[in-house]
Amino acid sequence: MRGGAYNRRPFSHDSRGRPARGPVSPDGRLLLGATRHAHDPEPGCRPEDHEANAAHWRRLCGAPPGLNPTQGRVAWRLLAPDRLPIVGGVVDPDQAPPIRTSQPSAWARRPGLLVCGALASRGITSSSLAGELAAALALGLPAPVERSLIDAVDPARYVARAWRHRQPEVSKP
């Protein structure tokens, strides 16, 4: 997923003269937002993305004087097909499928190999809990969330879904 973060500098007050609120970079730039474009390999910033972020800011916070973002950056984020994070042990493809193939927790894992990723555009809100879950799974500690949420973010969910949707093989006479 291609995305860009855009900012404006200097930016110290909103349209009513109050100090501006929002995420600020270490060098004092107000971060206005990020865009996202699927299947877009273009590495450069675009004026229309700057304007989309400025319009979003105006809609949410009012129109501060001189809001005209001209600087930004482009980055790519990993986004899972179901847009949920991927947290848990990596499935071991060398092991036979389990008897209960529809349950992610039943699949064999590569020992000592866990993943905590695909946080994409919700990384700020989900990274703390995802990290706690990954640590608990790695250390064999009680999980900080219930089993249904662990299954929802388990890397094996894709294998389990594929097995659930398999067509039964038809024997030929």
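At 17% relative accessibility, Arg46 falls below the 20% cut-off and therefore counts as buried. That makes this arginine a handy way into the structure, which is a predicted model. Arg46 has a salt-bridge partner in Asp40, and the closest N and O atoms of the two sit 2.6 Å apart. Asp40 is buried too, just as Arg46 is. A further salt bridge brings the side chain of Arg46 together with that of Asp49, this time at 3.9 Å from N to O. Asp49 has a relative accessibility of 4%, so this residue is also classed as buried. Put the pieces together, and Asp40, Arg46 and Asp49 turn out to be linked in a network of salt bridges.

The structure holds 8 salt bridges, and another one worth a look pairs Asp154 with Arg109, whose closest N and O atoms are 2.8 Å apart. Asp154 sits in the loop between α3 and α4 (157-164), while Arg109 belongs to strand β5 (residues 109-117), so this pair ties together parts that lie 45 residues apart in sequence. The two partners are not covered to the same degree: Asp154, at 4% relative accessibility, counts as buried, whereas Arg109, at 23%, counts as partly exposed because its value is not under 20%.

Stepping back to the whole protein chain, there are 4 helices and 5 strands. Going along the sequence, these elements come in the pattern β-β-α-β-β-β-α-α-α. Links across the sequence show up in the contacts as well: among those between residues at least 6 apart, 67% join residues at least 24 apart. Of the 173 residues in the chain, 30% count as buried. As for the surface, the chain exposes about 11200 Å², and carbon and sulfur atoms supply 57% of that area.

Next come the pockets. The second largest pocket has a volume of about 250 Å³. It is lined by 17 residues, and the closest to its centre are Leu84, Pro85, Ser126, Leu149 and Val153. Two elements, α2 (123-139) and α3 (147-153), each give two or more residues to this lining. The largest share comes from α2, which puts in 4 residues. Sorted by class, the lining of this second largest pocket has 13 nonpolar residues, along with 2 polar and 2 charged ones.

Technical notes:
Residues are numbered from 1 along each chain as its sequence is written. This is a predicted model: local features need pLDDT of at least 70, side-chain atom pairs count only at pLDDT 80 or more; totals for chains, interfaces and linings use all residues. Side-chain values use heavy atoms; hydrogens and water are left out. Buried means under 20% relative accessible area, exposed over 50%, partly exposed in between (1.4 Å probe, protein chains only). Contact means heavy atoms within 4.5 Å. Accessible areas come from the Shrake-Rupley method with a 1.4 Å probe; for residues, only the protein chains shown count as cover. On a 1 Å grid over the protein atoms alone, a cavity is a set of points where a 1.4 Å probe fits but cannot get out, and a pocket is an open set with protein on both sides within 12 Å along at least five of seven lines; lining residues have an atom within 4 Å of a point. Grid points are joined across faces, edges and corners, and a volume is the space filled by probe spheres set on the points. Ala, Val, Leu, Ile, Met, Phe, Trp, Tyr, Cys and Pro count as nonpolar, Asp, Glu, Lys and Arg as charged, and the others, Gly among them, as polar. A salt bridge is a side-chain nitrogen of Lys or Arg within 4 Å of a carboxyl oxygen of Asp or Glu.
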